[in-house]
Amino acid sequence: KHGIALEPPKQSASSSDWQFAFAPYLFASGVSGTVGARGRTIEIDASFGNVFENLDIGLMGTFEAKKGKYIVLTDLIWVKMSAERDTPGDLFSSAKIGVNLFIFDPEVGYRIIEKEAGSVDILGGVRIWSVENNLNFTTGTLPGFDVSQRKTWAAPVVGVHGILNLPAKFYLTGKFDIGGAGIGADLTTQFFGGVGYRIHPNIALIGGYRFLQVDYDDSEGFLFDTRMSGLLFGAKFSF
């Protein structure tokens, strides 16, 4: 979840009791779009195939608390990525980009449908981004430069999350949200769809596809207009 809710296994606890779950996961995401710092910009296109080559370090996980029909979800991503390539033409010899990305996504929700076949939640919250862009161009015909800039912003989001239980301990799960509209960011959207398998009453494995987009810029020359997409794998532990 970013905010992705990795569906917990079925619980036997009373609906009046608090239920908790923690889910570490890996979002093997490629990144594409335009990033900028202090008025300098560069196009990036890190595909899914070379995500591990560009990923320096990453930490990802969700925490969920539920009582009755009320739900609290939090999702956290921290990744550092870097890439270096030769530039076309003679203006610069090479370009190196580094992105230090932190996203925290707290949301609250209400379960509007809860049946044996599955459930549907409506959600609302805020997606907080803290991004540092580092751009380094080595000298060619033009002199090189090295700029760095960090920005932090928060965009409200609303969404829906659903679960469809299948035979033999499998289930389908999906989430969509949208936000921004000029508040914090011009636009941010997210989609996740996956398949889960309950290997134990308190443990579930999940895999799926996730898309996360944001468009943010300001008057100081900072730009982060990107799309992250790729496979997600996780394990959810409920207690």
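Which residues touch the most other members of the largest nonpolar core? In this predicted model, local features were considered at pLDDT of at least 70 and side-chain atom pairs at pLDDT 80 or more, while totals for chains, interfaces and linings use all residues. Residues are numbered from 1 along each chain as its sequence is written, and side-chain values rest on heavy atoms, with hydrogens and water left out.

The largest nonpolar core (buried Ala, Val, Leu, Ile, Met, Phe, Trp, Tyr and Cys residues joined through side-chain atoms within 4.5 Å; buried meaning under 20% relative accessible area with a 1.4 Å probe, protein chains only) comprises 37 residues, of which I42, L101, W129, V131, L135, W153 and F224 touch the most other members. At least two residues of this core come from each of several strands (DSSP E runs of at least two residues, numbered from the N terminus), including β10 and β11. Beyond its neighbours within four places in sequence, W153 is in contact (heavy atoms within 4.5 Å) with residues including W129, V131, V214 and F224.

Strand β10 (residues 203–217) pairs (at least two DSSP bridges) in the antiparallel sense with β9 (residues 187–200) over 13 bridges, and 15 bridges join β10 to the antiparallel β11 (residues 223–238).

The structure holds 11 salt bridges (a side-chain nitrogen of Lys or Arg within 4 Å of a carboxyl oxygen of Asp or Glu). In one of them, K236 and E64 meet at 2.5 Å, N to O; because K236 lies in β11 and E64 in β3, this pair ties together parts that are 172 residues apart in sequence. Both K236 and E64 are buried.

Conventions: Helix = DSSP H or I, 4+ residues; strand = E, 2+ residues; numbered from the N terminus. Buried < 20%, exposed > 50% of the residue type's maximum accessible area, 1.4 Å probe, protein only.
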